Amino acid sequence: MGYPKDLLSSRSIIKHGKYALIAPEGLVNNVVPGFDNCSMSILATPKLGASFVDYIVTMHEGGKNSEGFCGQEDVESFVYVLEGKVKATADEKEYVLEGSGYLYCPPGVKMYLENLEAGDSRLFLYKQKYKPLEGRKPWVISGHANQIEFRDYDDMNNVHIKDLLPTDIDFDMNFHILSFDPAACHPFIETHVQEHGAYLLSGEGMYNLDNEWIPVKKGDYIFMGPYVHQAAYAVGREPLAYVYSKDCNRDASL
Ligand code: UGY
Ligand code: MN
């Protein structure tokens, strides 16, 4: 890096509890015990107002977590491979995940990761406290998002969505990919109780966050807090697509 070439400036916007746009240029590395030969940046956390933790992980050659990520009795975890090839292990079963590959580990199950690439692999990683439901238990899920068909989003054939986890009530959250063709937009500005952590996979757009229109692009991360206004217009020539988390299947607690 070294000396700056111009006055210091940033596209990132941080509004604790409401929303955050975190551009990749501002990220620093955080040491997270258990991850060897990995550069990690912690994104949303409870300190920002999120009820989950998201990370962006670059696994270098030989990078791994052989102690196991999470696995506490009340914590669920999820990994999505952005680039590269990794071996992910859960409950002694191995999954080879390439770009768009993912693994969900339910509470009590540790996630082991190992980079299989000669260079770097990049991951979007998540953990959250699981909200139990009597008689129900989620299970390990793995797949590749690029093998799941998109469906029309909200009756619009220029906006597409896919779900990465089952919609069964045993699961208290899901990961989705939402993709807007150039010039497409949300049907309305959402205001809902659920939070999101979203990693932008492609394209450019104008994103409404708390009723401000903000330019966003591939590589950005957005935290959306409860009830924050949210909607997007896709601009440019590529679809604006992001992978994001959303709680579901549970009542609000008093
Ligand atoms: O599922 C959602 O709430 C999604 N449509 N939100 C969003 O894209 N900001
Ligand atoms: Mn939403």
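This passage walks through the metal site, the bound ligand, the salt bridges and a few local backbone features of a predicted model.

Some bookkeeping comes first. The model is predicted, so local features need pLDDT of at least 70 and side-chain atom pairs count only at pLDDT 80 or more, while totals for chains, interfaces and linings use all residues. Residues are numbered from 1 along each chain as its sequence is written, chains are lettered from A and ligands numbered from 1 in the order in which they are written, and side-chain values use heavy atoms, with hydrogens and water left out.

The manganese ion (ligand 2) takes its protein donors from Glu190 (OE), His192 (NE2), His196 (NE2) and Gln230 (OE1), which sit 2.1 to 2.3 Å from the ion. Donors here are N, O and S atoms within 2.8 Å of the metal (3.2 Å for Na, K and Ca); water is not among the atoms, so sites may look incomplete. Along the chain, the spacing of these donors reads E-x1-H-x3-H-x33-Q. Why does the arrangement count as octahedral? The six donor atoms around the manganese ion (ligand 2) subtend angles of 78 to 175 degrees, which makes it so. The bar for that label is that opposite donors of the six are over 155 degrees apart and all others between 65 and 115. For reference, ideal angles for six octahedral donors are 90 or 180 degrees. Two of the donor residues can be placed by accessibility, where buried means under 20% relative accessible area, exposed over 50%, and partly exposed in between (1.4 Å probe, protein chains only). Glutamate 190 comes out buried at 9%, and histidine 192 is buried at 14%.

Ligand 1 has a lining that includes Glu190, His192, His196 and Gln230, along with Tyr153, Tyr207, Tyr242, Tyr244 and Lys246; a residue makes this list if one of its heavy atoms lies within 4 Å of the ligand. Leu178, His186 and Met224 are also in the lining. Nitrogen atoms of the ligand turn up in several polar contacts (pairs of N or O atoms within 3.5 Å; within protein, one must be able to donate a hydrogen and the other to accept it, and residues adjacent in sequence count only if both atoms are side-chain atoms). The side chain of glutamate 190 has an N or O atom 2.6 Å from a ligand 1 nitrogen. For tyrosine 153 the corresponding distance is 2.8 Å, and for tyrosine 207 a polar side-chain atom lies 2.9 Å from a nitrogen of ligand 1. The protein covers 96% of the 270 Å² of accessible area that ligand 1 has on its own, with areas taken from the Shrake-Rupley method with a 1.4 Å probe; for residues, only the protein chains shown count as cover.

On to charge pairing: a search of the whole structure gives 11 salt bridges, each being a side-chain nitrogen of Lys or Arg within 4 Å of a carboxyl oxygen of Asp or Glu. One of them joins arginine 122 to glutamate 83 at 3.4 Å, N to O. That pair ties strand β10 (residues 121-129), home of arginine 122, to strand β5 (residues 75-83), home of glutamate 83, across 39 residues of chain. Strands (E, at least two residues) and helices (H or I, at least four) are DSSP runs, numbered from the N terminus. Arginine 122 is partly exposed at 22%, as is glutamate 83 at 43%. Lysine 131 and aspartate 247 also pair up, at 3.8 Å. Here the loop between β10 and β11 (141-144) supplies lysine 131 and strand β20 (residues 240-247) supplies aspartate 247, 116 residues apart. Glutamate 94 meets lysine 87 at 3.7 Å; glutamate 94 is exposed at 53%, whereas lysine 87 is partly exposed at 23%. Arg11, Glu25 and Asp220 form a salt-bridge network.

A few local details round things off. Asparagine 208, in strand β16 (residues 204-209), is buried at 0%, and its side chain reaches the backbone nitrogen of asparagine 211 at 2.9 Å. Two non-glycine residues have positive phi: aspartate 155 at about 65 degrees and alanine 183 at about 85 degrees. Aspartate 155 is in the loop between β12 (151-153) and β13 (156-163) and is exposed at 79%. Alanine 183 lies in the loop between β14 (173-180) and β15 (196-202) and is exposed at 63%.

Technical notes: Tetrahedral: all angles 85-135°; square planar, octahedral: opposite > 155°, others 65-115°.
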